[in-house]
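Here are my notes on the model you sent, set out as numbered points. They start with confidence and then go from the overall fold to single residues.

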Amino acid sequence: MKKWIALLTIIPAIGSLTVINKIEPYVLGLPFIVFWSTAWLILTSVFLFICNAIYDKQGEKQ
């Protein structure tokens with residue numbers, strides 16, 4: 001389970017640090033760079049929530 005927690009914390013760091021420099025294509029009415037930043041903000045919260053749930057389940061077993 002520790003591998004899953006490590007993986008789920010590394011994925012948002014890689015995704016949010018990816019350099020995207022596009023303004024012209026619009027996604028949901030937002031310039032792509034704003035959409036990319038907002039999407040990774042939300043995804044990071046989701047990944048950390050999952051990590052917290054996994055960590056709590058490990059604590060209950062002990």
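1. Confidence. pLDDT is the predictor's confidence in each residue, on a scale from 0 to 100. The model is predicted, and the chain has an average pLDDT of 81, with 84% of the residues scoring at least 70. Among the elements, strand β1 (residues 26–27) has the highest mean pLDDT, 87, and helix α1 has the lowest, 79. Where pLDDT is low, the predicted coordinates should not be read in detail.

2. Overall layout. The chain has 2 helices and 2 strands, and along the sequence they follow the pattern α-β-β-α. Of the contacts with a separation of 6 or more, 60% are between residues 24 or more positions apart.

3. Burial and surface. How much of the chain is buried? Buried residues make up 15% of its 62 residues. The chain exposes about 5,100 Å², and carbon and sulfur atoms supply 70% of that area.

4. The core. Which residues make up the largest nonpolar core? There are 6 residues in all: Ile 5, Leu 8, Trp 40, Phe 47, Cys 51 and Ile 54. Two elements, α1 (2–17) and α2, each give two or more residues to this core. Helix α2 gives the most, with 4 residues. In soluble globular proteins, nonpolar side chains tend to be buried together.

5. The nonpolar patch. Nonpolar side chains also appear on the surface: Leu 41, Ile 42, Val 46, Phe 49 and Ile 50 make a patch of about 510 Å². Ile 50 belongs to helix α2 (residues 32–61), and Val 46 is found in helix α2 as well. Why can Ile 50 be part of a surface patch? Patch residues need over 30% relative accessible area, and Ile 50 qualifies on this count because its value is 34%, which makes it partly exposed. Val 46 meets the cut-off too, because its relative accessible area is 39%, and it also counts as partly exposed.

6. Val 46 and the first helix. Val 46 and Leu 8 are 38 residues apart in sequence, with 9.6 Å between their C-alpha atoms. Leu 8 is one of the core residues, whereas Val 46 is one of the patch residues.

7. Other positions in α2. Ile 33 lies in helix α2 and is partly exposed, at 32% relative accessibility. Its C-alpha is 6.3 Å from that of Ile 20, and the two residues are 13 apart in sequence. Ser 37 is in helix α2 and is also partly exposed, with a relative accessible area of 47%. Ser 37 and Leu 17 are 20 residues apart in sequence and 9.5 Å apart in space, C-alpha to C-alpha.

8. Leu 28. This residue deserves a separate look. Leu 28 sits in the loop between β1 and β2 (30–31). Its phi is near 55 degrees, a positive value in a residue other than glycine. Is Leu 28 buried or exposed? Leu 28 counts as exposed because its relative accessible area, 78%, is over the 50% cut-off.

Definitions and conventions
Residues are numbered from 1 along each chain as its sequence is written. This is a predicted model: local features need pLDDT of at least 70, side-chain atom pairs count only at pLDDT 80 or more; totals for chains, interfaces and linings use all residues. Side-chain values use heavy atoms; hydrogens and water are left out. Patches are made of residues with over 30% relative accessible area and no salt bridge: like charges are joined within 9 Å, nonpolar side chains (Val, Leu, Ile, Met, Phe, Trp, Tyr) within 5 Å. Accessible areas come from the Shrake-Rupley method with a 1.4 Å probe; for residues, only the protein chains shown count as cover. A salt bridge is a side-chain nitrogen of Lys or Arg within 4 Å of a carboxyl oxygen of Asp or Glu. Buried means under 20% relative accessible area, exposed over 50%, partly exposed in between (1.4 Å probe, protein chains only). A nonpolar core is a set of buried Ala, Val, Leu, Ile, Met, Phe, Trp, Tyr and Cys residues joined through side-chain atoms within 4.5 Å. Contact means heavy atoms within 4.5 Å.
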